Amino acid sequence: MQHPENDDKYIGLTVNSGVSQPPSVNPYISRQRRKPIPTAGEMVEGILRGDVTMLSRAVTLVESLSPSHQALAQEVIEKCLPHSGRSRRIGITGVPGAGKSTSIDAFGLHVLKSGGKLAVLAIDPSSERTKGSILGDKTRMERLAVHPSAFIRPSPSAGSLGGVARKTRETIVLCEAAGYDNIFVETVGVGQSETAVHSMVDFFLLIQLAGTGDELQGIKRGIMEMADGIVINKADGDNLDRARLAQAQFRSALMLFPPAESGWKPEVLTYSGYYELGIAEVWDMIDRYFEFVHQNGYFEAKRARQARYWMYETIDEQLRANFYNNPEIETLLAEGEQMVLANRRTSFAAARDVLNHYFNRNTGNTL
């Protein structure tokens, strides 16, 4: 590079060429080789002996969108399936700020006192704009995160709700095969995700708060009918009386609902996750529930119904993916959308045109 400052008319002033810039890529990176992905057999062997690293790699494959990863993940799941099904699956939900993660930390430590292993599958909210997630549930489960018998796996909720729920369902199978006899599934919050999580757990726990204004505001018929137990958090200090009042109101509300299919009458308890008050009582309630549904046969019937439900959900998901990922359909959808926006075609007629093309291409039938 020529520097005008080195011209003869600038005698006494010299500019050196400088030091050559190092490469932007680490020169030693070529020496580092990625570990090859284990075979399905190696992964299953590791999972069955409780290898957490191998379990984590298998869950990563389940969450991957790569077709090759998905094929390998399904092979691993099929081989793990005979070793699954021997756990208590507990769904935990509640409005944001209800203290779900703090409560899970306390509940988990209480469970682990009796031995066994615990897996926590936390669906983490994703940004609708960036699709990113903080995945910070472990920071609120400080003691469980370092417990040797606990496995915490936060998963981003980005993408279709059905897809996220299916991956969680498959992760449950892997965790059970690895020897985790208690599975907690924490949901994003009160909303549509509760229906999906309810269809994969044995006991559905609803966490509520008191002292937030209208105590009955949190009583929503849909979520209340799904709950097998309702617990009111932060029942401590000055909030204790408000928690007891909310407890009475929830109990009265439950009396208005029809009996649950299981025959179980949901209980309403108060506790404090932060101060760990009433934790044992909450878990005693869950123990009573499992004893009840095992005796009347509802436990096995519900598991069978859930397996059937997820077969049809998977079919629906694959059909949607096949339809929307079809290049021809993508073009027709864009054209149909323009015609609808220009008021040259009704929404229903445009949809029928696209579907007729899809059905005719695949089966020769039309609507």
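Is glutamate 276 buried, exposed or partly exposed? Keep that in mind while we walk through this predicted model; we'll select the residue towards the end.

**Stop 1: the whole chain**

Start with everything shown as a cartoon. You should be able to pick out 13 helices and seven strands in the protein chain. There are 367 residues, and 41% of them are buried. If you like contact maps, take the contacts with a separation of 6 or more: residues 24 or more positions apart account for 73% of those.

**Stop 2: strand β5**

Now select residues 203-209, which is strand β5. Seven of its seven residues are buried, so the strand is largely enclosed by the rest of the structure. Turn on the side chains and look at each face in turn. On one side you have Phe203, Leu205, Ile207 and Leu209, on the other Phe204, Leu206 and Gln208, and both sets are buried.

**Stop 3: the partners of β5**

What does β5 pair with? Add residues 88-94, strand β1: this strand and β5 run parallel, paired over five bridges. Two glycines of the pairing are handy to label. Glycine 91 has phenylalanine 204 as its bridge partner in β5, and glycine 94 stands opposite isoleucine 207.

Next add residues 229-233, strand β6. β6 also pairs with β5 in the parallel sense, over five bridges. To find the register, label leucine 206 and its bridge partner in β6, isoleucine 230.

**Stop 4: β1 and its link to β4**

Stay on β1 for a moment. Six of the seven residues in β1 are buried, which leaves the strand mostly covered. Then select residues 182-186 to bring in strand β4, joined to β1 by five bridges and running parallel to it. Glycine 91 comes up again here, this time opposite valine 185 in β4.

**Stop 5: helices α4 and α10**

Hide the strands and select residues 100-112 for α4 and 279-296 for α10. Their axes come within 10 Å and cross at roughly 70°, which means α4 is roughly perpendicular to α10. The crossing is right-handed. For the contact itself, show Ala106, Phe107, His110 and Val111 on α4, then Ile279, Ala280, Val282 and Trp283 on α10. Colour this contact of α4 with α10 by class and you get seven nonpolar residues, one polar and no charged ones.

**Stop 6: helices α1 and α2**

For another helix pair, select residues 40-48 (α1) and 52-63 (α2). Here the axes are 8 Å apart and the packing angle is about 125°, so α1 is oblique to α2. α1 makes a left-handed crossing with α2. From α1, the contact uses Glu42, Met43, Gly46 and Ile47; from α2, Met54, Leu55, Ala58 and Leu61. By class, the contact of α1 with α2 comes out as six nonpolar, one polar and one charged.

**Stop 7: tyrosine 358**

Which residues does tyrosine 358 touch, leaving aside its neighbours within four places in sequence? Go to residues 347-362, helix α13, where tyrosine 358 sits. Expand the selection around the tyrosine and the contacts are Leu319, Asn322, Phe323 and Ile329. One of these makes a nice distance label: phenylalanine 323 is 35 residues away from tyrosine 358 in sequence, while their C-alpha atoms are 7.7 Å apart. With a relative accessible area of 10%, tyrosine 358 is buried, because the cut-off for that label is under 20%.

**Stop 8: two positive phi angles**

Finish with some backbone torsions. Most residues other than glycine have a negative phi. Two residues here are worth a click on that score.

Select asparagine 343, in the loop between α12 (327-341) and α13. Asparagine 343 has a positive phi of about 60°, although it is not a glycine. Its relative accessibility is 72%, so asparagine 343 counts as exposed.

Then select glutamate 276, in the loop between β7 (267-270) and α10. Glutamate 276 also has a positive phi without being a glycine, at about 55°. And that brings us back to the opening question: at 39% relative accessibility, glutamate 276 counts as partly exposed.

Terms used:
Residues numbered from 1 in each chain as written. Predicted model: local features only at pLDDT ≥ 70, side-chain atom pairs only at ≥ 80, totals over all residues. Heavy atoms only, no water. Axes fitted to C-alpha atoms, helices over the stretch in contact; angles between N-to-C directions. Helix = DSSP H or I, 4+ residues; strand = E, 2+ residues; numbered from the N terminus. Parallel < 35°, antiparallel > 145°, perpendicular 65-115°, else oblique. Left-handed = near helix turned anticlockwise from the far one by under 90°. Contact = heavy atoms within 4.5 Å. Nonpolar A, V, L, I, M, F, W, Y, C, P; charged D, E, K, R; others polar. Buried < 20%, exposed > 50% of the residue type's maximum accessible area, 1.4 Å probe, protein only. Pairing = 2+ DSSP bridges.
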